[in-house]
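This report covers one strand with its partners, then one pair of helices. Look at the structure below before reading on.

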Amino acid sequence: MGMNHRTAPLEVRERFAVADPIPHLVKLVACEEIDEAVLLSTCNRVEVVALTRQLEPARHRLRAFFHRDLAGETPAQGAAALENLLFEDVDGPAMRQVFRVAASLDSMVLGEPQILGQMKQAYRAAVECGACGAILSRLFQSAFAAAKRVRRETRIGERPVSVARVAVELAKQIFESFDDKTALLVGAGEMIEAALEALRGEGLRSIQIANRTKAHAEHLAQRFHASARGLEDLREALHQSDIVLTCTAGDTPILEGIYLYDIDDLAGVAAANADERRRETMLGEAIVLEEQQRFDGWLLALQAVPTIRHLRARAEAIRQAELQRSMARLTLGENERQAVEALTRAIVNKLLHAPVSRLRAEAEREEGLAYLEAARVLFALDDPEMPGAEATEASAPEDAPERAVPDPEDSEGT
């Protein structure tokens, strides 16, 4: 659930954006409706990816999260207004959204590379505070792998594109030439660095960099042969500049009396870029679908775990009951008892080998749920009067296999 550049304007997205997602995630997963969660907050989107076994209560909880926790003291104009700005995806479409965002197929600027790093940061924060468990970890790792394949196997990343580069394209539409122009860049982060590279690439030579921490501006200025200023020199620098690009983390305006093109105004230029990359987008979507299906198979296989454990528990309960009944009528020494124990255990294991192997294999396919249901009916696994019924609770869905949650930089995400 969330909002992005397609559903909400920039001034609304800014009100819901968060610098540190951890306090919000801790509060979110503390409620019983949400099992796991990741919060992604960028200039173009604020989205929560959540795992739940209680869909309707989780829906209400997430809406309340946006209304009360994220909106803070500046909420949108009423609940109805916020509802029109939020989108919601469930199950397959929700997983697909994670894959598409990571692969930059849902970005305002198709193919921009920043979003993958932003998603990895959001994932790390969720892991750090314990909000991301085995299921969402596998989902995000799979999405990171898909994103790498899209960049490697398509030409989406052949000519790196970013919001900053699109801003430079817009400036080119205004000025015939950059030869005699001066640019002022306010900020010193990744976007400003990308803009510097784009401006230098277009031949602009006169560049000033202003930042609250002047040392950061000086570091960039040295790399790009520009001049550095502090924000106290901003007014003077503005008079000397033809183009101003700003990207700061401040929450109050730092410029007055100007014509402003914000990030949403770049959408038209970005759309033209998307047209040029439409064929590559189709290839990227095919990769995303393939990787999502692989994750779906893993998720289905998890559902086989309780049924297989229950089936084994049923067989073991029957084996032990019959063995005790027979032992009561026989006079056997310890060695003979152990031999009979091993024999009956081997018989049960051999009988179960084929159906259990088949259940595991079929669970990874779309028809897997039908096989699992058939097994539960054939072996009466849902009958509380049958032996081994006590295994039901031990085989609950939360009994998913434990696994280490990997760092996105240490794994291909498979």
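Two strands count as paired if DSSP finds at least two bridges between them. Strands (E, at least two residues) and helices (H or I, at least four) are DSSP runs, numbered from the N terminus. The model is predicted, so local features need pLDDT of at least 70 and side-chain atom pairs pLDDT 80 or more, while totals for chains, interfaces and linings use all residues. Residues are numbered from 1 along each chain as its sequence is written, and side-chain values use heavy atoms, without hydrogens and water.

**Strand β4**

Strand β4 pairs with two other strands, as follows.

| Partner of β4 | Sense | Bridges | Residue opposite L185 |
|---|---|---|---|
| β5 (residues 206-211) | parallel | five | I209 |
| β7 (residues 243-246) | parallel | four | L245 |

Because five of the five residues of β4 (residues 182-186) are buried (under 20% relative accessible area, 1.4 Å probe, protein chains only), the strand is largely enclosed by the rest of the structure. In a regular strand, side chains alternate between the two faces of the sheet. In β4, T182, L184 and V186 point one way, and A183 and L185 point the other way.

**Helices α2 and α3**

Helix α2 (residues 22-29) packs against helix α3 (residues 55-70) at an angle of about 145 degrees, and their axes are 12 Å apart. Axes are lines fitted to C-alpha atoms over the stretch in contact, and angles run from 0 to 180 degrees between N-to-C directions. In the contact (heavy atoms within 4.5 Å), H24, K27 and L28 of α2 meet R61, L62, F65, D69 and L70 of α3.

Key: Buried means under 20% relative accessible area, exposed over 50%, partly exposed in between (1.4 Å probe, protein chains only).
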